[in-house]
Amino acid sequence: MAAYTVNLLAVIVATAIGFGIGFAWYSRLLFGKQFMKLLGKGHGDFQGTMKKQGSTPYLMAIAVSFLLTFVLAVFISFSGARTAAGGAMIGIAAAIGFIATSSYSTVLWEKRPVGLWVLHTIYMIISMAVMGAILAVWV
């Protein structure tokens, strides 16, 4: 088995940056309104949910983002990529190859709007490209 190394500080920083990209992406300044419309929800719907669930959704989102970033770091380590461009390409390939393809089932079987899938997929491609660039250069 090939050896690999993962810099946990780089994973934590890349996770935070990726989470920050998502926060901006789904904000009212960028695509928050379109996101709500595609879900068929209003801002008040999410406020009520947050009152019921508290910080649990945010904590779970951070945890799964950390796991995704850690696995991306393993892929990058196995590949030997050490440039921002190389790391970004691995992030893009993983986002398209794994996330975009598997999440399309929500369109097929759950009858979610294609626009919602496109919105999520573009966010993931951008986020994973940035995280991949960070992880590759921060060995």
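Okay, let's start with a helix pair: α1, residues 8–25, and α4, residues 56–79, have axes that come within 9 Å and cross at roughly 125°. Keep in mind throughout that this is a predicted model. With that angle, α1 and α4 are oblique to each other, and the crossing of α1 past α4 is right-handed.

So who makes the contact? On the α1 side you've got Leu8, Val11, Ile12, Ala14, Thr15 and Phe19. Over on α4 the partners are Tyr58, Ala61, Ile62, Ser65, Phe66, Thr69, Phe70 and Ala73. Sort the residues of this α1–α4 contact by class and you get 11 nonpolar, 3 polar and no charged ones.

Let me pick one of those out. Threonine 15 lies in helix α1. Is threonine 15 buried or exposed? With a relative accessible area of 6%, threonine 15 counts as buried, because the cut-off for that is under 20%. If you skip neighbours within four places in sequence, threonine 15 touches Ile62, Ser65, Phe66, Thr69 and Met131. Of those, Ile62, Ser65, Phe66 and Thr69 also turn up on the α4 side of the helix contact.

Now for another residue, over in α5. That helix covers residues 84–103, and isoleucine 96 is found there. Isoleucine 96 is partly exposed, at 44% relative accessible area. Again leaving out neighbours within four places in sequence, what does isoleucine 96 contact? Thr101 and Ile125. And if you want a distance to check on screen, the C-alpha atoms of isoleucine 96 and alanine 3 are 26 Å apart, with those positions 93 residues apart along the chain.

On to charges. How many salt bridges does the count come to? It comes to 1. Glutamate 110 and arginine 112 have side chains that meet in a salt bridge, at 3.8 Å from N to O. As for its surroundings, arginine 112 is partly exposed, with a relative accessible area of 37%.

Let me zoom out to finish. The chain has 7 helices and 0 strands, so to speak α-α-α-α-α-α-α if you read along the sequence. Taken along the principal axes, the C-alpha atoms fill a box of roughly 50 × 30 × 30 Å. There are 139 residues in the chain, and buried ones make up 29% of them. Last number: take the contacts in the chain with a separation of 6 or more, and 75% of them are between residues 24 or more positions apart.

Definitions and conventions. Residues are numbered from 1 along each chain as its sequence is written. This is a predicted model: local features need pLDDT of at least 70, side-chain atom pairs count only at pLDDT 80 or more; totals for chains, interfaces and linings use all residues. Side-chain values use heavy atoms; hydrogens and water are left out. Axes are lines fitted to C-alpha atoms, for helices over the stretch in contact, and angles run from 0 to 180 degrees between N-to-C directions. Helices (H or I, at least four residues) and strands (E, at least two) are DSSP runs, numbered from the N terminus. Angles under 35 degrees count as roughly parallel, over 145 as roughly antiparallel, 65 to 115 as roughly perpendicular and the rest as oblique. A crossing is left-handed if the near helix is turned anticlockwise from the far one by less than a right angle, and right-handed if clockwise. Contact means heavy atoms within 4.5 Å. Ala, Val, Leu, Ile, Met, Phe, Trp, Tyr, Cys and Pro count as nonpolar, Asp, Glu, Lys and Arg as charged, and the others, Gly among them, as polar. A salt bridge is a side-chain nitrogen of Lys or Arg within 4 Å of a carboxyl oxygen of Asp or Glu. Buried means under 20% relative accessible area, exposed over 50%, partly exposed in between (1.4 Å probe, protein chains only).
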